[in-house]
Amino acid sequence: AGFLRLRYVHDPIRPSMSTGQDTGVEWRDGLWPPEKIAAIFRQVAALPYAWGEIDQAGVPPTGLVSVFAPGDPLLAELLGLCPEPLQRATLERAYVNLFLPREIPYFHQDNANPGHVTVLYFANPEWDPQQGGETQFFMDDRILGVLPVPGRVCAFDARIRHRATSF
């Protein structure tokens, strides 16, 4: 299973999410019923993927990536999940990451400039804690993990160092 990463550039408008902690990482669940989440997963699974996403200079590539073309209908549907201020923002890049079992991605920043937000959509239709797959955020000498609950949307300041973990 993969997750969709949408990277936004916008004026510093904090997205309004319903859950989360005061860490700059917030998430929202229950936006779609399980049937819709499964349908999105089938569409994401059918996308063409290429090996070799590089998260930062000096580290080897990890994972598979599929980049959305502007105007893609699935992308438009997923953008509708974003908090309203982000829907008005400028989309910098939209893509799907897919990691292979036991792959170990690296901690990285999506953007070092203030005012950038990364939004993740967890496309997996099911999840069990034994599978892994959380996104880890490295902050203040600790790691916060956001679990890949099916259909979850997670938004965070793109300057926060983070990494995916494989299923």
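Let's start with salt bridges: this structure, which is a predicted model, holds 3 of them. I'll take them one at a time, so keep the structure open and follow along.

The one to find early on is between Arg152 and Asp29, whose side chains meet with 2.6 Å from N to O. Where do Arg152 and Asp29 lie? Arg152 sits in the loop between β9 and β10, while Asp29 is in the loop between β3 (25–28) and α1, so this salt bridge ties together parts that are 123 residues apart in sequence. Is Arg152 buried or exposed? Arg152 counts as buried, because its relative accessibility is 9% and the cut-off for buried is under 20%. Its partner Asp29 has 35% relative accessibility, so Asp29 counts as partly exposed.

Now please move to the helices. Glu77 forms a salt bridge with Lys36, and their closest N and O atoms are 2.3 Å apart. Glu77 belongs to helix α2 and Lys36 to helix α1, so here the pair ties together parts 41 residues apart in sequence. Both ends are partly exposed: Glu77 has a relative accessible area of 28%, and Lys36 has 26%.

Stay on Lys36 for a moment, please. Which ring does Lys36 lie over? Lys36 lies over the face of Trp32, at 5.6 Å from the ring centre. You can look for another arrangement of this kind at Arg93, which lies over the face of Tyr95 at 3.9 Å from the ring centre.

While you have Arg93 on screen, look across to Ala69. The C-alpha atoms of Ala69 and Arg93 are separated by 9.3 Å, and the two residues are 24 apart along the chain. Ala69 is found in the loop between β5 (62–67) and α2 (73–79), and with 45% relative accessibility Ala69 counts as partly exposed.

One salt bridge is still on my list. Asp157 pairs with Arg159, with 2.6 Å between the closest N and O atoms. Asp157 is partly exposed at 23% relative accessibility, and Arg159 is partly exposed too, with a relative accessible area of 36%.

Next, the inside of the protein. In soluble globular proteins, nonpolar side chains tend to be buried together. Which residues of the largest nonpolar core touch the most other members? That core has 18 residues, and the ones with the most contacts to other members are Ile40, Val44, Phe68, Leu74, Leu78, Val119 and Tyr121. At least two residues of this core come from each of α1 (34–45), α2, β6, β7 and β10. Take Ile40 as an example: leaving aside residues up to four places away in sequence, Ile40 touches Trp32, Leu74, Leu78 and Tyr121. So you meet Trp32 again here, the ring that has Lys36 over its face. There is also a second, separate core of 11 residues, and among them are Val25, Trp27, Leu120 and Cys154.

On to the aromatic rings. How many aromatic pairs are there? The count comes to 3, and I'll show you two, including Phe107 with Phe138. Their rings are 5.8 Å apart, centre to centre, with 55 degrees between the planes, and the pair is tilted. Phe107 lies in the loop between β6 (90–98) and β7 (116–122), and Phe138 in strand β8 (residues 135–139), so this pair links distant parts of the chain, 31 residues apart. Phe107 is buried, with a relative accessible area of 16%, whereas Phe138 is partly exposed at 35%.

The other pair to look at is Phe137 with Phe156, which is edge-to-face: 4.8 Å centre to centre, and 75 degrees between the planes. This pair also links distant parts of the chain, with Phe137 in strand β8 and Phe156 in strand β10 (residues 153–157), 19 residues apart. Phe137 is buried, with a relative accessible area of 0%, and Phe156 is buried as well, at 1%.

Let me finish with two backbone details. Arg102 is not a glycine, yet its phi is positive, at about 65 degrees. Arg102 is in the loop between β6 and β7, and is exposed at 74% relative accessibility. Asp140, also not a glycine, has a positive phi of about 50 degrees. You'll find Asp140 in the loop between β8 and β9 (142–146), exposed, with a relative accessible area of 69%.

Key. Residues are numbered from 1 along each chain as its sequence is written. This is a predicted model: local features need pLDDT of at least 70, side-chain atom pairs count only at pLDDT 80 or more; totals for chains, interfaces and linings use all residues. Side-chain values use heavy atoms; hydrogens and water are left out. Helices (H or I, at least four residues) and strands (E, at least two) are DSSP runs, numbered from the N terminus. Buried means under 20% relative accessible area, exposed over 50%, partly exposed in between (1.4 Å probe, protein chains only). Rings of Phe, Tyr and Trp (its six-membered ring) pair if their centres lie within 6.5 Å; planes under 30 degrees apart count as stacked, over 60 as edge-to-face and the rest as tilted. A charge sits over a ring if NZ of Lys or CZ of Arg is within 6 Å of the ring centre and within 35 degrees of the ring normal. A nonpolar core is a set of buried Ala, Val, Leu, Ile, Met, Phe, Trp, Tyr and Cys residues joined through side-chain atoms within 4.5 Å. Contact means heavy atoms within 4.5 Å. A salt bridge is a side-chain nitrogen of Lys or Arg within 4 Å of a carboxyl oxygen of Asp or Glu.
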